Every structure is written in structure tokens, then in C-alpha cells.
Amino acid sequence: MKDKLLYAACLLAAWLVLANLSVILLVLPDEAEQGAIYRIIFFHVPAAWSAFLGFLVAALASVAYLVKRNLWFDALAVSVTEVGLAFAVVNLVTGMIWGRIIWGIWWTWDARLTSMLVCALLYAGYLMLRRAVEEPAQRAKFSAVFSIFAFIDVPIVWFSIQWWRTQHPQPVFRGGGSMDPAMYKMMFANWVPLLLLFVVLSVVRLRQERARGEIDALRREAHAL
Amino acid sequence: MTAVSAAGVWKYYGDYPALKNISLTVEPGSCLALLGRNGAGKTTLLRILAGLSQPSRGTVSIGGLAVRDPRARRNIGILGHGIAVYEEFSAYENLRLFAGLYGLADPHRAALEWLERTGLDRVKDGLVREFSRGMRQRLAVARAFLHNPHVLLLDEPFTALDDRAIAVLQNLLAEARSQNRTVILSTHQLREALELATHVALIQRGALAYAGERTPIMLEDPGWLYRNYGEA
Amino acid sequence: MSFFRHSVQIASKDLRAELRTKEALNASLSFALVILLLFSFAFDPTAEQTREISGGLLWLVFAFAGALILNRSFARELTNDCLDALVASPVSGPALFTGKCLANMALLVAVELICLPVFGIFYNVRWAHRFWPLLLTLILGTWGITVVGTVFSALTVNLRLRELMLPTLVYPLLIPALMAAIQLTTGLLAGQPLAAELTNWLKLLIGFDIIFTALALGLVETVLMG
């Protein structure tokens, strides 16, 4: 039953993306300054939103783990962090492509890209930490502590880098200016399939993590006999 | 008031239970010998009783207080596999440090007294780095007993001790018993342990297979317990 | 209060041990000085360039040198299972943590205060006239590095690849603090008064220190319990 739900969600997401794409490519007009490429925003920005959602859920799951010590919360935390990190990478890559087309350069220390890069580094560190700890409860505990530190740091990172960039301005990939309401609507509309995808990927990863926990326990039991 | 009490203690490593529903009470003045094969869970249990490790489920109390309460920890002395003294400090400095951490009224005097009782007074200013194995073990024993704890938790204390250190330890344990203090020690050396013990507990694959008074049969025939309650 | 007594006892123990062997101190200081000299030699910056990079250079050097000290902090308790004796003692997790932070702070600030004149000489930068605001920046910035570094020193102490894990985890977390310290230092060395823009960075640094000290104190007991 659960599997069927997941497949259905995938299909729905795919259908929504195609529907959105048809609007994005055919109906919406080109943006005044940036021409055709601005359309990448409809994936670039919702990907960032998805990444932060992942990090938030991970932080909450981490707190839940430290309180309840139930490994399910740890499995949730890692699944949602991995998927969030994937979306962060999507945000970074689409940002870089956009920059390459508009400005001709692959990278500039634009405030938003820099902040997202730091967040990606933080959570890549989280994944590295998990690889370094053998024992599951200890791994869960340490990752939870780090996830909490990381999430509290995220807004501070964003703020400090924004502030830094207002002091030392550099080319900005995306203007802050107002957007056509149709475009705003489309950003949210396109977030829906991305969220569906987020949930599907997280559920799959969560199951895999729980299965791994069971196998680990069986192996320990076998060794003890 | 029981000296040490564990109620429904479980310890999971991942999904695997290393300790299953351990409940035991140890009265003041008794000496409990914790027996079991390697990997049975003795060290895990001792670490939980010492407050070094949190049980996945269940509670531990020392003298009626939760084990992580500083007042409870003030009354626990531990002797583990490592000697838990600093190599770069002298014997005196080590004891002075721990006496201070345990809040003793006169740490200087306490340190000197225990150096003498463990026969280390002549090397009190020597760095631990330069000590022989036996001297290091005796210093570890001094550190464990220094603050006159009501409860002593010893993990395989007779392993790796030389004769002199064993004698010192046995004297101290006998004295502790006479002062109505509580001792829990895990061991493979059945003979020495069973001589000292008033009670015995056998841990098997994380579960408590036997807990009760030490009987004369056990003393005459150390293998009896394993044969009757242990695994085939 | 036993919290303060214990913190001081732990801090003085760590300092005494470090001053006896001077392992971490020597490693940290040599590393910092070598990097400073190498940069001066490799980039040969003009006065103008130096003014722009002074804060960045100094704080990167301090952060890297600091990792050597922070790594030792809990690692020194591993020999002979001393950490077990400390955790089992009446010393609370936060007191143990605070004691170690104080000791690490003292060591790292000492390294920094030696680097500052060396930097001044080799890069031709006048700093003495801004000493007090610079000292304030050093202390606030170093506290941020120390607090985050010490709690993760406790976390990584038993891990494989500890020397790699500590910087990997800590440096991204420290970016806001490092950035604030860098902006402050560059500004102060360039002659800006400690007002307006610079005070905003100061506030950020203070906020960072408060938030992460509170977080570390709250979570350190969890980290230390097995």
C-alpha cells in the first residue's frame, strides 16, 4: 500500500512539473533584463526552500531524538538532511548556470550563493560525521547535537554574509526587485512537485535506514551467539 | 536505604540489547562479585552503575540518589581498565587534583595519607610516566579510594596487578567491608573474588542469570555457578 | 559554588599539563608563525594590499593554529582513561567544559598575542595604537572559536580521523564569527573608529558568542555521557 502511494506521488510530481514547464516555457513572457534564462528561477528558488525545510525538519528530529532516544527520529534526521542537501546542490548548480549565462562567470561570492554553499558544507560535515561513528546510538546522538548546532548557525550565516555583501558589493545573480505576480505564483506552484519529490525521497531513505538498523542488530546478535 | 540499585536497566547498541532488564539491589556493607564471560555485559553494567554511560531504559540510584547527582558521584570510587591518572603529573599532583575535584576539606593531607597507604610516599614527586606497572596500579587504587567513597565499583581489579598491589587492594577492600561500605567488582579471577564476596551475580548475554548470596558451595567449587546457571 | 571551583581546577590542571609538555603550544605557535612568514614571502603584498587582507590573514592563521590546541583539549584525557575518572567525579559536564574552554582560551590568546607583533614587523603594519579594541576583538573572536571548538573536541575525541573531523565540523560553524572578527580587525588596522559599521560586527560577534556558549553548555553533558 505504502509503495503504491509513493509511486503515485512520483507520477503526480512528474505530471505537475510537466504542466508547469509548459506554462513556464510557453506562456510566461521573458523577463525584462534577463531574457529567457531567468526561468531557471522556478527551480532555483523552490530548491532552496526545500533545502531549508529539510534542515529544519532535521533539527526538530534531532531534538526529538535527544529527548526520546528513539532511533526512528535519527533515521528521519539523516534522510531529510540528505534530501535537503541534494536540493541545496540543485540550488547551487542552477545558480551557477544562471550566473554563467548572465555574467559569463561560474562563480562570484554573491550573498545567497555563498550562504547556501556554507550551509552545504555544514551538512556535508554532518554526513561525514555519521560515517565516522560506528555505534548507532552514539552516531545518532552526535549527529543530533551537530544538526542542532548547524541549524542554529544557518540564519546567523545568512545574516552575516548578507551584511558582508552590503558592505562589499559584488555582482548579484538575482536582483532583489519585485516580480510579476504570475511569476511568484509559478514559483510556489513549482514548489509543490518538488515537495512531493522531497517527501518520496525522504520516505525511501528512511526505510533504508531503518532496514540497515535491523540488519545491524541481527549481525550483533549473531556475533554474540 | 540500598547502597546501589538498578531497576529495569536495558542498554541498546543500535537495535541490539547488550543488557536486558537488569534489576538488582546491593545493600550497604555487602560485596557483590559480578561474574560472566567476556562480552556478557559486565563492563557495560559497571559503567552504567558508575554514571559513565546512560541506560537506554531503566534507572540507577546510589544511596537513593540518581547516579548523575553530584552528591551520589561524590560517594562513588571507580577502578576501570585504565589507571585514570595523568602521565605528566607526579603521584602527589594526581592525588591532590582528584582530592580537590572531590571537594575534600584538606586535599594536601589526603593525598599524602593515601600515598603512604599505597606505599608510594617515597616516589610521591616522581612522574607517573616513569613509574613501573605495579606502581601505576597502586596509584590508581589510591585515586579510587582517596575520597572514602561509600560505593566502590571495580572492573576486573585483580587483572594486571602485581603481588604487592593485590595485597594493598585486598587490605583496602577488607577495610571497606568493615566500614560498612559497598563493593561491586567484576572479575574472571573467581578464587579471589569469591573469597571477598558476600553476594554473587552472573550475567549471561546481557541478562541476569543468577543473583544471590555467596554460598559455601561456590567457594569450594568456583565452577559450580557456571555449570548450574551458565550456558552449556 | 562548586561550578566555578571545578572550572578553575580543571582549567589550571590543563594549563599546568600543557606548560609542562608544551606540545600543543609549540605546534600551534610554530605553525602560525610559519604561515605568517610564508604568506609575506609568497605574496609580498604592498601596503595597500596588506591593509585589505590583514584581518583575513590573521584570523585564518588563528583558526588553523587554534585547531591544534583544541584537538589536544579532550584528546589529552584519553590516555589511561582519565576522561572516565573526570566524568564519574562530581564535576559536572558544563564545569568540565568551561574549565577546558578557559584553558584553551588562555593558550590561544597567548599564541595570538605573539603573532600580532610578528605580523606587525613582517607586514609593516602598525597595530599598537589600536591595541585595546584589537584585544577586545581577539578575545571575543577567540572565545567563539574556543567554545565551538571545545565542545566538538569532546564530541570527536573517540572518533576515527579525529584530526580531520574537528576542523571539518567546526570551521563552517565558525564562519559568521570569523567573518565578524575579520571585518573588525581589518577595519581597526585601517584606522576606522570602533563605531557605526564596526559596532554592528561587534554585536554580531557578541551575539554569536552568547548563543553558542549557551548551546554548548546545554549539550555538553549529552556529548560526554556514553
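How many residues from chain B and from chain C does the contact take? I looked this up and found 27 residues from chain B and 21 residues from chain C, where I took two residues to be in contact if their C-beta atoms, placed from the backbone, lie within 7 Å.

**What I was working with.** I noted that this is a predicted model, in which local features need pLDDT of at least 70 and side-chain atom pairs count only at pLDDT 80 or more, while totals for chains, interfaces and linings use all residues. Residues are numbered from 1 along each chain as its sequence is written, and chains are lettered from A and ligands numbered from 1 in the order in which they are written.

**Chain B against chain C.** On the side of chain B that touches chain C, I found that helix H2 (70–73), strand E6 (76–79) and helix H3 (91–101) of chain B each supply at least two residues; helices (H or I, at least four residues) and strands (E, at least two) are DSSP runs, numbered from the N terminus. H3(B) gives the most to this side, with three residues. I then sorted the residues of this side of chain B and got 13 nonpolar, eight polar and six charged, counting Ala, Val, Leu, Ile, Met, Phe, Trp, Tyr, Cys and Pro as nonpolar, Asp, Glu, Lys and Arg as charged, and the others, Gly among them, as polar.

**Chain A against chain C.** Here 23 residues of chain A are in contact with 22 residues of chain C. Helix H4 (111–132) and helix H5 (136–167) of chain A each supply at least two residues of the side that touches chain C, and H5(A) gives the most, with 14 residues. This side of chain A divides into 18 nonpolar, three polar and two charged residues.

**Chain A by itself.** I counted six helices and zero strands in chain A, and its C-alpha trace spans about 70 × 45 × 25 Å along its principal axes.

**Two helices of chain A.** The axes of helix H2 (residues 41–68) and helix H3 (residues 71–103) of chain A come within 7 Å and cross at roughly 160°; axes are lines fitted to C-alpha atoms, for helices over the stretch in contact, and angles run from 0 to 180 degrees between N-to-C directions. That makes H2(A) roughly antiparallel to H3(A), a label for angles over 145 degrees, whereas those under 35 count as roughly parallel, 65 to 115 as roughly perpendicular and the rest as oblique. The residues of the contact of H2(A) with H3(A) divide into 20 nonpolar, nine polar and two charged.
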